[in-house]
Structures are given as C-alpha cells and as structure tokens.
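Subject: Handing over the model

Hi,

Here is the structure I promised to pass on. Have a look at it first, and then read my notes underneath.

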Amino acid sequence: MKVYQTNEIKNVALLGSSGTGKTTLVEAMLFESGLIKRRGSIAAKNTVSDYFPVEQEYGYSVFSTVFHVEWNNKKLNVIDCPGSDDFVGGAVTALNVTDTAVLLISGQYGVEVGTQNHFRYTEKLDKPVIFLINQLDNEKCDYDNILEQLKDSYGSKVIPIQYPVATGPNFNALIDVLLMKMYTWKPEGGEPVIEDIPAEEMDKAMEMHKALVEAAAENDEALMEKFFDQETLSEDEMREGIRKGLVARGMFPVFCVCAAKDMGVRRLMEFLGNVVPFVSEMPKVSTTDGKEIAPDSKGPKSLYFFKTSVEPHIGEVSYFKVMSGKVREGDDLLNTDRGTKERIAQIYVVAGANRFKVEELHAGDIGAAVKLKEVKTGNTLNGKECDNRFNFIKYPNSKYSRAIKPVNESDVEKMMTILHRMREEDPTWVIEQSKELRQTLIHGQGEFHLRTLKWRLEHNDKLLVKFEEPKIPYRETITKAARADYRHKKQSGGAGQFGEVHLIVEPYKEGMPLPDTYRFNGQEFKISVRGTEEIPLEWGGKVVFVNSVVGGAIDTRFMPAILKGIMARMEQGPLTGSYARDVRVIVYDGKMHPVDSNEISFMLAGRNAFSEAFKNAGPKILEPIYDVEVFVPSDKMGDVMGDLQGRRAMIMGMSSEKGYEKLVAKVPLKEMASYSTTLSSLTGGRASFIMKFASYELVPTDVQDKLMKDFEAKQVDE
Ligand SMILES: Nc1nc2c(ncn2[C@@H]2O[C@H](COP(=O)(O)OP(=O)(O)O)[C@@H](O)[C@H]2O)c(=O)[nH]1
Ligand SMILES: [Mg+2]
C-alpha cells in the first residue's frame, strides 16, 4: 500500500442519530473505493462496521469503527460512530481525532435530538460540519422540509450543494449546484450518468448556485472582491472558498445520498477528497502542557491511542493517530503516560475487522497496532525526542447506574478484573465500589450501554452477572434543637466504668452565631464556649463540636472520646443507618468518677446521649436531588412532562431551542433509576438528557415513614 503524506490525508467522522444510515454508507464507500466487492447490509448482519457479535445481536452500532478509503490518490480515514446517546463516548473520541464531521440526517425523521447532540459536540470542538441527508428513497422523505429544519436550527450558514429532483421510492436523480450538473442512477446505483440540468430545473438550480457562490466567496476577501467584479467564481475558487468556510464553521454544506442503493456516494467521496480540509489545514492541537503540535512528518515521533479493543479472533487492537513525525515498523517507543517501553512490531491500516499491513504512517494518519503490552485508551507513545501527552478527550457524565454482582459469589475478583479491563476500552463506563452502599456500581450512559456490558461479560468472558437497583445514598439530619444526657456505668467485678455526658444538638448552618442560651422544658441553659471544632464530613456536610463544659465536670482529655462516640453515630444515623450531616453538638456538662472514668466510658456515653438527642431533634431523611436537563422533540413534550411530574420532579424551566424543547428540572435520584429507558420508549429514542448532582433535600413524610419501616424490618431480620 502507498505511503500517504500528511497533505494527502483527510480524517472524517460519520455522525448522526442511530438509524440514519452511517453503517450502510460505510458499505457503499468501501464498495466504491474497491476495498470490498459486495455491499453488506444491516439485515444480513454482514457489514464491515458492525462486526462485533454484540452489534449483530442488537442490530446497532456499539463501537466506533475505523476504516480508510483511497480516492484519487488521497486517503480518507473515516470513523463510523455509534449514533445512540448510550454510546456517545465513541462519537466524542472520533471527533477529537478527525477534522471534518459528516452529520447524517434521516430522510424519514429530519433533524432529531441526536442530530442536535452531535452538532453540539462539533460546536464544542470547533470542527467543520457537512450535513448529509440520507434515505432520499424513503416515502416520507421531504427534502424541502428537512432543509428548512436545518436552516431553522443552524441558520443561514446551511447551504445546499445538491437537491433531489424527486424523493420517495423512485428517487434516482440529484441536481448538483456546485458543478451545475444532473446526476442520475440506474436502480442498482453506483456510477452515475452525468448530464446537463434539464430546462425545467434550471431556474431553481441557478438560484441555488448563486447562493452557493456567494456563500463560498464570503469566507475569503480576495474571493469576495473577485465575486463583486465578475459575479461568479471558477470551480477551483469555489472549492477554496467552501474549504475556508468549512474550517471557520462559516458554512455547513448539505449533500444528499441514498446509501442503501449507493446513489450519490461517489460524488460525496469526490467532495471529501477534493474540498474538505487536509489534516495540515486545521488548527494545531495542544498537549496537556499546552504546547502546540503541528502534524508535521519531520517533527518528533508522537502517537496518540484513541481506542483499544479486544476483537474477535485477534485479541487486543490499539488504534492510534500519528500526531507528529512518522511511525515505522519496529519502532521502539515510550508510553509517556505509564512509563513503559513498547515496540511497534507491525503497523496496519484498517477497514473494520480487516487489516492491511503498511510499513510507515505519517503525521495525521490513523492506523492500528496489535498485541502491544500496556497501551490503554488515551495514552501517548513517543520517540526519544519528546514527551508529549494528549489527554484532551472529555467524556460526558454518566447518567445510568446499576449495582452489579456475579451470580456465583466466588467470581467477585474475576468480575472486577474484567470490568477494569473493559473500562480501559470504554472510558464512559465508571466503576465504583461504594463502601457506603456496600455495592459495586457501574455508571454508564444508558440502559442499553449497560446491557451490552452484561452481554459481553456473559458471552465473551463466560461470566454470569446480575444487575440490581443501586441503593440511594440517603442522609440524615435534624430540624430543631434537643437536649439529652446519658450515664454509662458498670461496676460488676474488676475495674468499673463511668462516664456521663450532657449535650445539646441543633441543625448546623454555615455562618450561624456561637451558641448562647437555650430553653428546654422551661429550664434555661446558658452556654459559654470553651472550644469549637468544625469537622467537614467525607460524605458531605459538617459536624461542629462545641466544648462548653465548665468547672472541670469532664476532664478535657475525655473530649476526643466523646467526639469519637458521636462520629460513630454520624456514620450510622439512628433513622435508617445512613450517614448523618449538618449537626452542631454542644457538650455542656457531665460527671466523672475519680477511679472508674476512662475513654471507653465517655465514648459510649457520648454516643448514646447523641443518639437520644438526635431522635428528639425532629430528625429527617435527606435524599440526593439532581439537576436534570431533558431535550425533547416538541411533539413529545406533554408526555415527557407528565412522566417527570410522576417522578416528584420540580420543573425549573422550559425553553424552545433549535428544533426541540429543553426542560430543566430538579428530580430526586431515587426517581431517576430507569429514566433513560422510559424516556427512550416515550419518544422512540428521539430524546436525550443529562443529569448532575445538585443538593440534598428533605424527603416527604410518607417516603420517610416507609424508609424507616424498611430499615426496622431489616434490623429485625439481621
Ligand atoms: N430505504 C433506505 N434505508 C436505508 C438507507 N440507508 C440505511 N437504511 C436502513 O436504515 C437502517 C439503519 O441503517 P444503519 O446503517 O444501521 O444506520 P446507523 O445506525 O446510522 O449506522 C437499516 O435498516 C438500513 O438498511 C437508505 O438510503 N434508504
Ligand atoms: Mg451504525
């Protein structure tokens, strides 16, 4: 295979909601470039992209797939991304290592929430975008309407380069207003017949052509002047203008295809080959230390590993982008993130599961290596001359969690090993061993995301696991002041034990004044503070411990023991055994015994006095509340809103954004357990949401009663 120079390489990400046809488009592109002899299909489970058993099982892309096509002596590296929000990690990664996003739009559904999500990522990463309307043969396809939706959503920068003469099952012709030609296909697609535009389409085509020329000119001053002079631009000048527009995100060109019938795919590839920016034309990327790195094949050798996966029949495959320099077979490199040496024995370029050996890859190119020792997703491997690191990929927060357990208890260790390995393949999985909940939690992007994890554990690793509802990390606190005393006394045989503690508890609030006077049952308690200790708690909130013991009623040396007793109760609140928080404790009196008093006695006295006071202080259970943002297609707003209200949600706001509605709410974590699944079924997978911890709030009385009953029942059981 030819070695491609940096200025012959283009990297493209295929994005779009699931079902828009990305994987089908890949088949057509590979077929057109001659890399495969026959196009596979989703129905026949034989596509190049979806080659993992889990993907064929679900008929859904789970992983991003890397492939390349050679076209007119140029090399296009393309990454087919999973469309579903559950697998957004793959799309985020792909965008980070490519320079142009081709965002597919379904001819049937038009702009979807998934389109908006992916577009937002291109915005964040400042990448050029080409819209590609697919499935023009669908009978529901309405090109004009989709174009209008695109303009509504993304403004006047949306510029069509093609339009279909007619859509629906008879679709077979496009008018290209860049080349001012008509393309038609025989039913089997492939090579088009290119003809002059027929007279009846000429006015419309001319009008769109003018809009395109003007848009192309807008991104370059010299072109703009020329355009004012001559009212037109040459084809090359237009390409130049469009390229500049793409890079500056000053223009989002719109193309059309019917991927399933291989119509329009060649023309798209020609455009990708001729017009979209080369690696060398994009802004430089920065290392973790903020150093700018140009994709220069004469620069120091530096490879960034953006994806590792364990693949059928071969084992570990590590995908990398050459950030600078060139990599050759046999190179010895240093893994800067782990400090380990690696030899790159062989280099491949890939097309899904197919690999082709190459000797050398230059800056900007994408390839793979197999059987490296310790390379994980996100690592950088360098030659001797440099120590670059590129941990630039930021993944979204997780929003779906399950507790996981092996069916066979003796498999715990094995399960943890495999989970950690899988996390190294997909950083959007977060594994947490929660001491508090006594559960191992897997946090991911959605139910489907976690289901594929289970499927892979069971099928690839032959390990049976079960999912359970994660417990909710409740907290306990108090709502008013209360007082209690407790005497611990033991005098049976040997040395005795004695300790007595009197204390007051009250809700702690940031910035509250020092304690002064309290009244309980008509009795007044005047406090004179001798010392205050403010203790931030690991699980959030604080304990403030005030010593106001006067006249040496309790020796100062016993104060730490009293606090220890209190902390033991804070760790296991009296209501449900959850962590307690935000309490001020004032120890104001007590008694000692000249011989029998010791630390143990004061610890127990402190613990029991605190427990009793806590119970009398209007104790309440707190639950975690999350800020939730839901992105909903307008027609589903009512259903989604109704469902949220059933989840004790507090709706904070609503706004219409580009083509969809955004709902902002505060929702208890308890009610979010299966939200992604419900939302998906309410909207046919067209909505998405994000969630972030907001605060702890009191639970309603009925919920509190139930939680306390459940806890009591469990105590009796145990
Ligand atoms: N009619 C029609 N169906 C298509 C076209 N492209 C893809 N499909 C079908 O749409 C479904 C989703 O396609 P797929 O390539 O898996 O989409 P992806 O999720 O974006 O990768 C499959 O059933 C395809 O056969 C097209 O151009 N026309
Ligand atoms: Mg796919």
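What follows is a quick tour, from the overall picture down to a few helices and sheets.

First, some housekeeping: this is a predicted model, where local features need pLDDT of at least 70, side-chain atom pairs count only at pLDDT 80 or more, and totals for chains, interfaces and linings use all residues. Residues are numbered from 1 along each chain as its sequence is written, chains are lettered from A and ligands numbered from 1 in the order in which they are written, and side-chain values use heavy atoms, with hydrogens and water left out.

**The whole protein**

The C-alpha trace spans about 105 × 55 × 50 Å along its principal axes. There are 16 helices and 40 strands; these are DSSP runs numbered from the N terminus, with helices being H or I of at least four residues and strands E of at least two. Of the 718 residues, 55% count as buried. Buried means under 20% relative accessible area, exposed over 50%, and partly exposed in between, with a 1.4 Å probe and protein chains only. Among contacts (heavy atoms within 4.5 Å) between residues at least 6 apart in sequence, 71% join residues at least 24 apart.

**The cores**

A nonpolar core here is a set of buried Ala, Val, Leu, Ile, Met, Phe, Trp, Tyr and Cys residues joined through side-chain atoms within 4.5 Å. The largest one has 112 residues, and Leu25, Phe131, Leu150, Leu212, Ile242 and Phe271 touch the most other members. Helix α6 (residues 199-217) gives the most to this core, with 7 residues. If you click on Ile242, look for its contacts with Leu212, Ala216 and Phe271, among others; residues up to four places away in sequence are not counted there. Another core lies apart from this one, with 34 residues, including Trp539 and Tyr579.

**Helix α5**

Leu150 also turns up in α5, which runs over residues 143-154. This helix reaches 16 Å from its first C-alpha to its last, close to the 16 Å expected, where the expected span is 1.5 Å times one less than the number of residues. Its buried residues are Tyr143, Ile146, Leu147, Leu150, Ser153 and Tyr154. They sit on the same side of α5, because they cover an arc of only 130° around the axis (the arc is that of the directions from the helix axis to the C-beta atoms). As a reminder, an α-helix has 3.6 residues a turn, so residues three or four places apart point the same way. Exposed Glu148 and Asp152 are on the face turned away from the buried side. Right after α5 comes Gly155, with a positive phi near 80°.

**Sheet β7-β8-β9-β10**

These 4 strands form an open sheet in that order, with antiparallel pairing; two strands pair if DSSP finds at least two bridges between them. β7 (162-164) and β10 (193-195) are at the edges with a single partner strand each, so one side of each has no neighbour in the sheet. Neighbouring strands are turned by 25° against each other on average, direction ignored. Axes are lines fitted to C-alpha atoms, for helices over the stretch in contact, and angles run from 0 to 180 degrees between N-to-C directions. β7 and β8 (residues 173-176) are joined by 3 bridges, and Pro164 stands opposite Leu174 in β8. α6 packs on this sheet too, touching β7 and β8, at about 150° to β7.

**Sheet β25-β26-β24-β27**

This is an open sheet of 4 strands, antiparallel in its pairing. β25 (430-434) and β27 (465-468) are its edge strands, and neighbouring strands are turned by 35° on average, direction ignored. β25 pairs with β26 (residues 439-444) over 5 bridges, and Ile431 has Ile442 as its bridge partner. Helix α10 (residues 412-425) lies across β24, β25, β26 and β27, at about 145° to β25. Helix α11 (residues 447-459) packs on the sheet as well, touching β24, β26 and β27. In α10, the buried residues include Met415, Ile418 and Leu419, and its buried residues pack against elements including β14 (302-311) and α11.

**A hairpin to finish**

β31 and β32 form a hairpin with 2 residues between them, and Asn521 in the turn has a positive phi of about 50°. Across the hairpin, Tyr518 is the bridge partner of Phe525 in β32.

Cheers
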